[in-house]
Amino acid sequence: MKHLSPEIRVPIELDNPAIRRIESLCIHCGQCRDVCRDVISVGNHYDLLKTNDTAICIHCGQCVQVCPTDVLTEQKEAYLVKKAIMDPSKKVIFMTSPSVRVALGEPFGKKAGAYVEEQMVAALRKLGADYVFDTTFAADLTIMEEASELIERITNHKPLPQFTSCCPAWVKFAETYYPQYLPNISSSKSPISMFGPTIKSYFAQQESIDPASIITVALTPCTAKKFEVRRLELQDALPDHPDTDYVVTTKELADWMKMENLDIDMLEPSKYDSLMPRGSGAGIIFGNSGGVMEAAVRTAYYMLTGENPPQDLLTYKPLRGLDGVKICDVTIRDLTLHLAVVSGTDHARQFIDQMEKSDKQYHFVEVMTCPGGCISGGGQPKHLQEDMNTVRKERMDGLYQMDEKMTLRFSHENPEIIRLYEAFYGKPLSKPAEKLLHTYYQDRSDILGEDPAVYQTDYQKEPKAEAASCVKWKCTICGYIYEGDLNQESDDYQCPICFASKAMFELMEEKSESNAAPSEAVRYKCTVCGYIYEGDITQEPDDYTCPICTVPKALFEKI
């Protein structure tokens with residue numbers, strides 16, 4: 001067997017297009033294992049003996065987000081983009097996703113959710129971009145196609161519910177575990193995969209550019225896009241050429257900027273290029289869980305009534321927030337749409353299981369793999385030892401606040417989208433649109449080597465009890481803190497840091513604030529890996545080292 005047991009860590013193939021492992025840094029802490037199993041519902045949902053020792057991965061990158069030593073990271077593509085920029089025969093065009101602009105400031109000291117759109121565009125121009133476009137423009141295009149497809153499904157009694165298709169990790173999850181629902185997934189491509197062929201066809205024609213000379217680069221929060229753009233069925237603009245050439249994540253761009261000494265606060269703000277400029281507010285909220293649904297409802301309402309929706313549908317709170325499953329109904333004249341928004345593919349298992357057991361006919365279901373949506377994608381800046389729900393909420397609020405500031409809040413009112421249809425696509429679901437803006441999916445369940453149905457009810461049915469999460473056990477050898485009820489672990493459980501047995505842990509007594517010793521109220525954070533030392537680290541000997549990454553005591557800072 002080439003892989004360690006999935007009980008130890010997430011298996012990663014060497015040819016994984018999105019995720020790589022730096023073997024020498026792995027400390028077998030098990031955090032990648034836990035998130036892949038409990039949140040993504042892929043880890044421990046296949047048997048390596050049955051997959052011929054082939055790892056199953058949907059490329060979401062949540063394992064990267066929790067890795068304390070950067071063993072796991074995205075596959076880097078920025079160097080390939082640099083090479084293209086240096087080639088005078090190429091035109092390098094960036095497409096920027098909405099979630100990047102509310103996270104890019106974080107590596108430069110800004111608060112999560114800080115909206116740095118114009119500084120981001122300026123950075124890309126400084127790095128050598130020939131054109132910079134806003135992917136929210138293509139999000140508006142996606143809404144025009146997806147809302148039209150939903151209405152066509154309802155009217156012509158085609159498979160319902162319609163599942164969204166914007167999240168490539170969710171699509172691969174469905175292809176692997178739920179192939180019976182592939183006819184239900186919208187054939188509309190994701191915004192990036194619509195923008196790529198539109199740039200290499202319509203834009204190339206308008207600007208008299210040889211499409212073969214165009215290099216399209218998607219700037220995204222998402223590691224799974226690195227897989228999506230390599231799907232062979234996404235080569236529609238030019239034969240044997242990908243519609244989107246490269247994917248660069250938020251973290252990759254931040255690293256690239258630092259290498260070039262570009263400080264985000266020192267950049268002169270810059271605007272997007274004008275032929276296909278920024279999208280509507282509806283396109284901006286695509287990055288949030290519930291945002292695709294909310295944007296689609298706005299335009300579906302118009303398509304069904306000829307009128308824009310009322311104000312309460314512009315800030316539709318039942319579709320917003322961090323809940324794993326959100327369910328609501330929206331009535332448009334005499335049609336009541338039954339809607340669901342799902343965040344996290346473990347929640348997708350739960351929702352599908354409950355949907356199949358109920359008699360309710362859902363019409364439209366949004367699924368995003370990452371908790372909270374694209375704003376917490378695998379390529380976003382990491383926040384180890386921080387409350388990620390706080391970070392997610394701040395990023396979500398950044399997008400919602402920008403939507404509210406926009407005068408253009410409907411995809412169907414975007415004048416450049418209207419012009420694009422008039423000049424090139426004709427109308428939604430037309431033959432040209434079907435050729436470049438729609439796709440198909442493939443059944444990948446054979447890779448499991450067994451019936452995927454055996455895993456369809458294997459999801460986290462109950463959250464862990466609050467009381468258990470307050471209990472802490474400390475390894476007496478290395479100081480590792482186990483949060484939860486250690487007694488529930490098997491007898492062969494070992495400390496993930498020093499591999500001491502379960503017997504070497506001691507229960508940490510809970511002290512009230514009034515009785516706690518001052519030193520125990522102090523915490524120090526390793527500035528390299530984020531490990532938290534609880535207590536007064538100054539009492540440790542001078543040769544104390546971090547139990548995670550082994551850096552010396554001097555690299556800890558008080559928090």
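Modeller: Let's start with one pair of residues: Phe-94 stands opposite Val-132 in S4. Keep in mind that this is a predicted model.

Biologist: Okay! In what sense do strand S3 and S4 pair, and over how many bridges?

Modeller: The general idea comes before the case. Strands in a sheet are paired by backbone hydrogen bonds, in either a parallel or an antiparallel way. Here, S3 (residues 91-96) and S4 run in the parallel sense, with four bridges.

Biologist: What is the strand order in the open sheet with parallel pairing?

Modeller: Read across that sheet of four strands and you get S4-S3-S6-S7. At the edges sit S4 (131-134) and S7 (246-249), each of which pairs on one side only. If you ignore direction, neighbouring strands here are turned by 25 degrees against each other on average.

Biologist: And which order do the strands take in the open sheet with mixed pairing?

Modeller: That one also has four strands, in the order S5-S10-S9-S8. Its edge strands, pairing on one side only, are S5 (162-163) and S8 (325-332). Helix H12 (residues 345-357) packs on this sheet and touches S5, S8, S9 and S10 (364-368). The direction of H12 makes about 145 degrees with that of S9.

Biologist: Do S8 and strand S9 pair in the parallel or the antiparallel sense?

Modeller: Antiparallel, over eight bridges, with S9 covering residues 335-343. For a pair to look up, try Lys-326, which is opposite Val-341 in S9.

Biologist: Now helices. At what angle do the axes of helix H3 and helix H9 cross?

Modeller: As a rule, two packed helices are described by the angle between their axes and by how far apart those axes are. The axes of H3 (residues 78-85) and H9 (residues 250-259) come within 10 Å and cross at roughly 55 degrees. Angles from 35 up to 65 degrees fall outside the parallel and perpendicular ranges, so H3 and H9 are oblique to each other.

Biologist: Which residues in H3 meet residues in H9?

Modeller: From H3 you have Ala-78, Val-81, Lys-82 and Ile-85, and they meet Glu-252, Trp-256 and Met-259 of H9. By class, that contact has five nonpolar, no polar and two charged residues.

Biologist: What about empty space inside: how many cavities of 30 Å³ or more does the count come to?

Modeller: Rolling a probe the size of a water molecule over the atoms reveals where space is left empty. The count here is six cavities of 30 Å³ or more, and the largest cavity holds about 320 Å³ of space.

Biologist: Which residues are the closest to the centre of the largest cavity?

Modeller: They are Cys-166, Pro-221, Cys-222, Lys-225 and Cys-374, out of 28 lining residues. Helices H5 (135-155), H6 (168-177) and H7 (191-207) each give two or more residues to the lining, and H5 gives the most, with three. Sorted by class, the lining has 16 nonpolar, eleven polar and one charged.

Biologist: Last topic, the backbone. Is the peptide bond from Leu-160 to Pro-161 cis or trans?

Modeller: Most peptide bonds are trans, and most residues other than glycine have a negative phi. The bond from Leu-160 to Pro-161, though, is cis, with omega near 0 degrees. You'll find Pro-161 in the loop between H5 and S5.

Biologist: And what is the phi of Ser-208?

Modeller: Ser-208 has a positive phi of about 55 degrees, although it is not a glycine. Look for Ser-208 in the loop between H7 and strand S6 (214-220).

Methods:
Residues are numbered from 1 along each chain as its sequence is written. This is a predicted model: local features need pLDDT of at least 70, side-chain atom pairs count only at pLDDT 80 or more; totals for chains, interfaces and linings use all residues. Side-chain values use heavy atoms; hydrogens and water are left out. Two strands pair if DSSP finds at least two bridges between them. Contact means heavy atoms within 4.5 Å. Axes are lines fitted to C-alpha atoms, for helices over the stretch in contact, and angles run from 0 to 180 degrees between N-to-C directions. Angles under 35 degrees count as roughly parallel, over 145 as roughly antiparallel, 65 to 115 as roughly perpendicular and the rest as oblique. Ala, Val, Leu, Ile, Met, Phe, Trp, Tyr, Cys and Pro count as nonpolar, Asp, Glu, Lys and Arg as charged, and the others, Gly among them, as polar. On a 1 Å grid over the protein atoms alone, a cavity is a set of points where a 1.4 Å probe fits but cannot get out, and a pocket is an open set with protein on both sides within 12 Å along at least five of seven lines; lining residues have an atom within 4 Å of a point. Grid points are joined across faces, edges and corners, and a volume is the space filled by probe spheres set on the points.
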